[in-house]
Amino acid sequence: MQYLITHFSDFQLASLGSFFLHESVFFLSGLPFIYLERAGLLSKYKIQTKNNSLAAQEKCITRLLLYHIGVNLPLMIASYPFFRFMGMKSSLPFPSWYFQLELVGRKVVLSQIIFYFILEDFVFYWGHRILHTKWLYKHVHSVHHEYATPFGLTSEYAHPAEILFLGFATIIGPAITGPHLITLWLWMTLRVLETVEAHCGYHFPWSLSNFLPLYGGADFHDYHHRLLYTKSGNYSSTFVYMDW
């Protein structure tokens with residue numbers, strides 16, 4: 001991180017750096033599930049027996065690259081001044097990982113990440129539920145539901161309007177707290193891994209939902225994709241209590 005701070009500006013790290021980190025984590029975590037599905041590996045853990053066609057998988061990847069470059073990247077560049085205004089920085093010292101009395105006043109990574117997950121899940125639930133009203137589902141959200149049998153990469157396959165609409169849930173926490181860049185990157189990484197896992201189509205013995213009672217996971221969200229239109233429920237992104 002010291003090398004990055006020395007050789008790149010805050011703007012380059014916060015916008016371009018965040019974009020490349022997102023792309024790396026997203027595709028490196030999502031592509032293996034395409035291989036598992038094509039090769040038929042670990043099929044006993046697959047939630048649905050149906051597989052996506054090669055054409056459907058290729059369409060998803062092509063559209064994702066287009067949307068990421070055409071929507072995500074400009075959004076990251078355009079939002080930098082606001083994040084900067086709210087106090088985000090990349091310089092030393094790094095934030096504390098947990099609360100310590102002697103570090104009162106320094107931003108704490110763990111508490112911010114927990115706050116981001118809770119806030120994102122709350123905002124995402126209501127935004128997602130709104131997208132399942134008749135008009136918005138037909139004209140916007142139905143794009144995401146083209147894949148009734150989701151795989152990891154379909155987590156970000158959506159109409160550009162939905163990317164902006166539900167993307168607000170992901171950035172609102174960091175936007176109002178002005179975190180250190182390393183906290184923002186950690187949040188982005190965890191959020192991407194969570195949504196890829198929720199769409200992966202596999203429920204493994206080591207899946208987090210087997211150990212965390214309030215965590216939804218793949219089985220929870222796969223049900224949402226199997227039941228189309230307005231009656232599906234399971235609108236939350238991470239936890240289950242909002243749907244309860």
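Student: Is R84 buried, partly exposed or exposed?
Tutor: This is a predicted model, and the relative accessible area computed for R84 is 40%. Buried would need under 20% and exposed over 50%. With 40%, R84 falls in between, so the word for this residue is partly exposed.

Student: Which residue forms a salt bridge with R84?
Tutor: Side chains of opposite charge can pair when their charged atoms come close. For R84, the closest N and O atoms of the pair are 2.5 Å apart. The cut-off for a salt bridge is 4 Å. The partner is D10.

Student: How far apart in sequence are the parts that D10 and R84 tie together?
Tutor: D10 has a relative accessible area of 23%, so it is partly exposed. D10 belongs to helix α2 and R84 to helix α3, so their pairing joins two helices. Along the sequence, the separation is 74 residues.

Student: What distance separates the C-alpha atoms of K89 and D10?
Tutor: K89 sits in the loop between α3 and α4, and at 36% relative accessibility it is partly exposed. Leaving out residues up to four places away in sequence, K89 touches R84, P179, H180 and L181. Along the chain K89 and D10 are 79 residues apart, yet their C-alpha atoms are separated by 6.9 Å.

Student: Which residues are linked with E120 in a network of salt bridges?
Tutor: E120 in helix α4 pairs with R191, their closest N and O atoms being 2.9 Å apart. That pair links distant parts of the chain, since R191 lies in helix α7, 71 residues apart from E120. R191 also forms a salt bridge with E194, at 2.3 Å between the closest N and O atoms. The network therefore joins E120 with R191 and E194.

Student: How many places apart are E194 and R191 in helix α7?
Tutor: An α-helix has 3.6 residues a turn, so residues three or four places apart point the same way. E194 and R191 both lie in α7, about one turn of the helix apart. E194 is buried at 6% relative accessible area, and R191 is buried at 8%. The spacing of E194 and R191 along the chain is three residues.

Student: How far apart are the end C-alpha atoms of α7?
Tutor: Helix α7 is mostly covered, with 14 of its 18 residues buried. At 1.5 Å a residue, those 18 residues should span 26 Å. The model agrees, as the end C-alpha atoms of α7 are separated by 26 Å.

Student: Which helix supplies the largest share of the largest nonpolar core?
Tutor: The largest nonpolar core has 24 residues, and those with the most contacts inside it are F26, F33, C60, L64 and L153. At least two residues of this core come from each of α2, α3 and α7. The largest share is seven residues, and its source is α2.

Student: Which residues does L153 contact, leaving aside its neighbours within four places in sequence?
Tutor: L153 is among the residues with the most contacts inside the largest nonpolar core. Beyond its sequence neighbours, the contacts of L153 are F26, F27, G30, L31, I34, C60, I61 and L64.

Student: What is the area of the nonpolar surface patch that includes L42?
Tutor: L42 lies in the loop between α2 and α3, and its relative accessible area of 37% makes it partly exposed. L42 makes the patch together with Y35, L41, W206, L208, F211 and L212. The area of this patch is about 750 Å².

Key: Residues numbered from 1 in each chain as written. Predicted model: local features only at pLDDT ≥ 70, side-chain atom pairs only at ≥ 80, totals over all residues. Heavy atoms only, no water. Core = buried A, V, L, I, M, F, W, Y, C linked by side-chain atoms within 4.5 Å. Buried < 20%, exposed > 50% of the residue type's maximum accessible area, 1.4 Å probe, protein only. Helix = DSSP H or I, 4+ residues; strand = E, 2+ residues; numbered from the N terminus. Contact = heavy atoms within 4.5 Å. Patch = residues over 30% accessible without salt bridge, like charges linked within 9 Å, V, L, I, M, F, W, Y side chains within 5 Å. Areas by Shrake-Rupley, 256 points an atom, 1.4 Å probe, with all protein chains shown as cover. Salt bridge = Lys/Arg side-chain N within 4 Å of Asp/Glu carboxyl O. Expected span 1.5 Å × (residues − 1).
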